[in-house]
Amino acid sequence: MAPTTHSHDQEPRGQFAWWSVRRWTTLAAVTMTIRREGPADHRAVEELTRDAFWGLFAPRCDEHLVVHLLRGSPALVPELDVVAEVDGELVGHVVYSRARVVEPTTGAEHPVLTFGPLSVRPDRQGDGIGGALMRHTLAAAAELGHRAVVVYGHPDYYPRFGFRPAAAVGITAPGGASFDALMALPLVPGGLDGVTGEFHEDPVFVVDPERVAEFDRGFPPRPDAVLHPMEVIEGRLPAAATQRLRGLGIGHLEDLRRLSRAEVAAGAGLDDEASDALRALLAEHGIPWGSPRGHSAWTGAVDVS
Ligand SMILES: CC(C)(COP(=O)(O)OP(=O)(O)OC[C@H]1O[C@@H](n2cnc3c(N)ncnc32)[C@H](O)[C@@H]1OP(=O)(O)O)[C@@H](O)C(=O)NCCC(=O)NCCS
C-alpha cells in the first residue's frame, strides 16, 4: 500500500494490483487507483453517489447533498476524501468526517471518525472496490493518528473490516438507542477504551428534504425508484416467517438493509433455514443482505491491511 500520510497539497495515490474476486477467471489483472478527491471530481462524485444510493432505502436519496455539504464542513477530513478509478473511470468514493461520542451524564466528549457516504458505481458493485476503499482508508486513518471509527451502515457488510456493534463497547445513538447498524472499530489497540456515550455526527448529515429536492433539480431528471413490496416474496417463505417480518414493521424488502441477519432472526423468530431463504430471495431482487450461515456477523476476520 502506498504511504497514506500526506500533506494537504499532495495527492495521495495508491496503486493496487487489483482483480475482481468474481471475475478473476475471465479478466486479466487491472489496476485500481485510489487518490484524493479534487475539485474536478466534485460533480462526478455527486452523480456517482446519487446513482449508488437511488432507491436504496427510499424511492429517492439525499446522500449526494450530504457529500456536497461535507466539503464545506470543518468536520471533513480531506486526506480521507478519496475516489477509486479503474481504467481512468470513476468507480468509487468515500469520505470521512470528524464525529464525537458524548457521555450523557458528564458531557465528556471523545473524538472519533465516521465515514460515509461510501459509494461504488452500480455496474461495478460486488467487484471488491468498496472493500479496497475501506481497507485503504482505514489504514490511512490509523496512520494519520485517528484512534477509532463509529458509523451507521449495513450491519452485515462492515464486520468484514473489523467493525462490531457499537453497543458492545457502550456507544449508542443519541437518546440511547442500540442497533446493529451502529458499529465501531478501534484503529489502534485500545482505541475505544473508555469511549462510551452517545454518537453524534456532523450536522450536515441531517438534511432538510426541501433542500434535497432543490439540490436534486440540478441533476438529470430521474423517476422515483420503485421499492419491492413484501408481497414479492410472499408464498416463497413460510407464511409464519412472512407474518413475523411484517411484525418487525418491514413493509418493503429495502427496509431489511438497516437490519442485521441476527436482528431479523431474533426479532422475527426465523430459523437458519428461513434466514437463508430470505437472503436468497433478497439476492434475487438485487439486494445483498446478511451473511452466509455459520459466518456470524460479529466474528468475521479482521482484514485491515
Ligand atoms: C455497499 C457497497 C459500498 C459495497 O461495495 P462493493 O464494491 O459493492 O462491495 P465488495 O465488492 O467490496 O464486497 C462485496 C461483498 O459484500 C457483500 N455486500 C455488499 N453489500 C452488502 C450488504 N448491504 N450487506 C451484506 N453484505 C453486503 C456482497 O454480498 C459481497 O459478498 P461476498 O464477498 O461474500 O460475495 C456498494 O455495493 C455500494 O455502493 N452500494 C450502494 C451504496 C451503499 O449501500 N453504500 C454504503 C452505505 S452504508
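Helix α2 has these buried residues: Glu63, His64, Leu65, Val66, Val67 and Leu70. This is a predicted model. The helix spans residues 63-70, and six of its eight residues are buried, so α2 is largely enclosed by the rest of the structure. What do the buried residues of α2 pack against? Their partners are α1, β3, β4, β5 and α4, the last of these covering residues 209-216.

Two of those partners lead on to the ligand. Helix α1 (42-53) and strand β5 (109-120) each supply at least two residues of the shell around it, as does helix α3 (129-143). There are 20 residues around the ligand. Gln125, Gly130, Gly131, Gly153 and His154 come nearest. By type, the shell divides into nine nonpolar, eight polar and three charged residues.

Strand β5 deserves a second look. Pro117 lies in this strand. The peptide bond that joins Gly116 to Pro117 is cis, and its omega is near -5°.

Now turn to β3 (76-86) and β4 (89-102). The loop between these strands holds Asp87. Asp87 is not a glycine, yet its phi is positive, at about 50°. Is Asp87 buried or exposed? A residue counts as exposed if 12 or fewer other C-beta atoms lie within 10 Å of its own. Asp87 has 9 such atoms within 10 Å, so it is exposed. Helix α2 offers a contrast, with six of its eight residues buried.

Terms used:
Residues numbered from 1 in each chain as written. Predicted model: local features only at pLDDT ≥ 70, side-chain atom pairs only at ≥ 80, totals over all residues. Near = placed C-beta within 6 Å. Helix = DSSP H or I, 4+ residues; strand = E, 2+ residues; numbered from the N terminus. Nonpolar A, V, L, I, M, F, W, Y, C, P; charged D, E, K, R; others polar. Buried ≥ 20, exposed ≤ 12 C-beta atoms within 10 Å, placed from the backbone. Contact = placed C-beta atoms within 7 Å.
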